[in-house]
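Here is a friendly walk through a structure you may not have met before. Have a look at it first, and then we'll go through some of its parts.

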Amino acid sequence: MDMAPGGIPLASGGEDRDGLEMDLLHLRLGPVLAYWPAGLVLRCTLQGDVVVDAETSLVAADNPTAEAELRHGSEDARRFAARRCDNAASLLRLAGWDDAASRARRIRDALLFTDDFDGPAGELHRLRRMVGRSWWLRWSLRSIGPLDAHDLARRGLPATMTGDVRDRLLGMLDRAAHRIAGQQPPGPSRRVPVDAIPDLVRGWDLATARLIVASLDLDPLAGDREVSHA
Amino acid sequence: MPEPAVTVVPAGWALPAAGLLGLLAVAAAALDGFLTARTTGTSSPGLSQPFGEVARLMRQRRRTMVAADRLLWRVGSAGLLLMALMIITVVPLGRWTLFDLDVGVIWFNAMDVLAWAFVWLTGWGANSAHSLVGGYRFLAHGLAYELPLMFALVAPAVGASSLNVGTVAAAQQGLWFVVWMPVAFVVFCLGVLAIAVWGPFAPALGADVAGGVTAELSGVDRLLFQGGRYALLAAGAAFAVPMFLGGGAGPLLPAWAWVLVKTLALLAVFVWLRRRLPVARPDLFMEAGWLVLLPAVLLQDLIVAVVAAGRS
């Protein structure tokens, strides 16, 4: 029997969560992927479309320009709010809600490329209300990737990550709105250690795993610099 | 022997019928381009989007994958368009039809089930993980939408005591079936969105799996697949007209014009819905399909059957 059709070796097997033997497929997500935090690499092991194991790494984690931009970004309210809107747009796009995603993207553009603050603030308020009211989105994202205070503390995640994917989406929009209104975000740091990601996506299917990663509201290449970038 | 509800036209009219379906599909794509351009705020109105896309894909070279199953891949990507063409053969345009089949309703059902094969084969053929995940997502949706869709088709057939599409349309003189079979109509529309892998039923092509079934499609194959989706939306909207919307019935305009007007209106609603709703994730929709849609549409069938038995 041909053990490598087309030059691709056959998949090795492994026990799945029901104790049956099932093929293992290795799939790498990132570092460049639409609606994905740039620079993050997630090496997944799939059985069917369920992520049974994953490990993360960052490309160019000690790239000085990315570092400099990040420091600059965290000081600038405009950039902070625009990044939250960008992340919200990615999550909405992954959830398949194109209209809301387009709105979030337009707010981001308005924040970055116009001097007006009131227009985007009003738009953001309307978007927040629209997303909060959608029962279809609530149904679609309900109880995906739930995290309580105990989980957060154990994994070193910031307190803003509490709840499920929908809660975190609303949190992103709220943080953007607060920052535009001139309030400082609560807490000293809301960095998400990328080492925590494999634990969060293990056991979910590929689509849900992507929703969970998008809901973490990462900054580009953010995360603890000490992470192993193999 | 009852008078036939429709006149069968010579087979040569199949070509104009296909052209009409093509025009409807282009209209749907242009409307989608327009709505997309409006919400994303680009300066161009977006109406020419389908023409640009066709030109781009016609010129694009076909890509292929290592160990791709090319035959099945291409059969799958061309299949949706074929399904749409087969569906419209039994849809009467006013008084005329191409194919006055006694079991036209079953014909539609037989054609819509082909989507299972064609969409999945397109996902399978590429030999890519994302495509295959997309293909299986479609099957998961299929398990949830197909039975409700079948029972939704039963309601008008029982109401008209016929499986002939022309007879079903003729049975709606005075009262359209959509008025007293609203549940069946809504479920039928959901089914059409699902076979066209459209709107809430697009996770098989989702951005989260890099385009899913379409991830590796390029050139003409992609054009046929995407064109087939629009054509299926149009064919589904056209089939809803004789089944639920009174066929060619309406004041002033001739019957054929009413069929087109109703088809375009329903098609526009389908296209507009795409951007308005988040996706129905396949794992969640299974629950909605079996616990909500199926009982609701069975109840609808029961009511229709009781009314039909009472009348005869």
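## A first look at chain A

Of the 230 residues in chain A, 49% are buried. Keep in mind that what you're looking at is a predicted model. Chain A is built from nine helices and five strands, and if you read along the sequence you meet them in the order β-β-β-β-β-α-α-α-α-α-α-α-α-α. Take the contacts in chain A between residues at least 6 apart in sequence: 61% of them join residues at least 24 apart. As for the outside, the accessible surface of chain A is about 11,300 Å², and carbon and sulfur atoms account for 52% of it.

## Where the two chains meet

How many residues does each chain bring to the contact? Chain A gives 29 residues and chain B gives 28 residues. Between them, the two chains bury about 2,400 Å², with 58% of that on carbon and sulfur atoms. On the chain A side, A:Asp99, A:Trp136 and A:Trp139 lose the most area to chain B, and together they make up 24% of what that side buries.

There's polar pairing here too. Chain A and chain B share 13 residue pairs in polar contact, counting pairs with both residues at pLDDT 80 or more. Which parts of chain A give two or more residues to the side that touches chain B? They are β3 (25–29), α2 (77–94), α3 (98–113), α5 (135–141) and α9 (206–215) of chain A. Sorted by kind, the residues on that side of chain A come to 15 nonpolar, five polar and nine charged.

Three salt bridges cross the interface of chain A and chain B. In one of them, B:Arg274 pairs with A:Asp98, with the closest N and O atoms 3.1 Å apart.

## Salt bridges inside the chains

Side chains of opposite charge can pair when their charged atoms come close. Over all chains, the count of salt bridges comes to 20. Here are three that sit within a single helix:

| Pair | Closest N to O distance | Helix |
|---|---|---|
| A:Arg83 and A:Asp86 | 3.3 Å | α2 of chain A |
| A:Asp151 and A:Arg154 | 3.6 Å | α6 (residues 149–155) of chain A |
| B:Arg56 and B:Glu53 | 3.1 Å | α2 (residues 49–59) of chain B |

A:Arg83 and A:Asp86 are three residues apart in their helix, so about one helical turn separates them. A:Arg83 is partly exposed, at 26% relative accessible area. In the second pair, A:Asp151 is buried at 15% relative accessibility, whereas A:Arg154 is exposed at 52%. In the third, B:Arg56 is partly exposed at 41%, and B:Glu53 is partly exposed at 28%. Elsewhere, A:Asp53, A:Arg155, A:Asp199 and A:Arg202 are joined into one network by salt bridges that share partners.

## Some loop residues in chain B

B:Ser161 isn't a glycine, yet its phi is positive, at about 50 degrees. You'll find B:Ser161 in the loop between α5 (129–160) and α6 (165–170) of chain B. Is B:Ser161 buried or exposed? It is exposed, with a relative accessible area of 64%.

B:Val197 also has a positive phi, near 50 degrees, and is a residue other than glycine. B:Val197 belongs to the loop between α8 (182–195) and α9 (219–244) of chain B, and it counts as buried at 0% relative accessibility.

Lastly, B:Ser128 sits in the loop between α4 (104–125) and α5 of chain B. B:Ser128 is buried at 11% relative accessibility. Leaving aside residues up to four places away in sequence, B:Ser128 touches B:Met65 and B:Glu216.

Methods
Residues are numbered from 1 along each chain as its sequence is written. Chains are lettered from A and ligands numbered from 1 in the order in which they are written. This is a predicted model: local features need pLDDT of at least 70, side-chain atom pairs count only at pLDDT 80 or more; totals for chains, interfaces and linings use all residues. Side-chain values use heavy atoms; hydrogens and water are left out. Contact means heavy atoms within 4.5 Å. Buried area is the accessible area (1.4 Å probe) that two parts lose on being put together, summed over both. A salt bridge is a side-chain nitrogen of Lys or Arg within 4 Å of a carboxyl oxygen of Asp or Glu. A polar contact is a pair of N or O atoms within 3.5 Å; within protein, one must be able to donate a hydrogen and the other to accept it, and residues adjacent in sequence count only if both atoms are side-chain atoms. Helices (H or I, at least four residues) and strands (E, at least two) are DSSP runs, numbered from the N terminus. Ala, Val, Leu, Ile, Met, Phe, Trp, Tyr, Cys and Pro count as nonpolar, Asp, Glu, Lys and Arg as charged, and the others, Gly among them, as polar. Buried means under 20% relative accessible area, exposed over 50%, partly exposed in between (1.4 Å probe, protein chains only). Accessible areas come from the Shrake-Rupley method with a 1.4 Å probe; for residues, only the protein chains shown count as cover.
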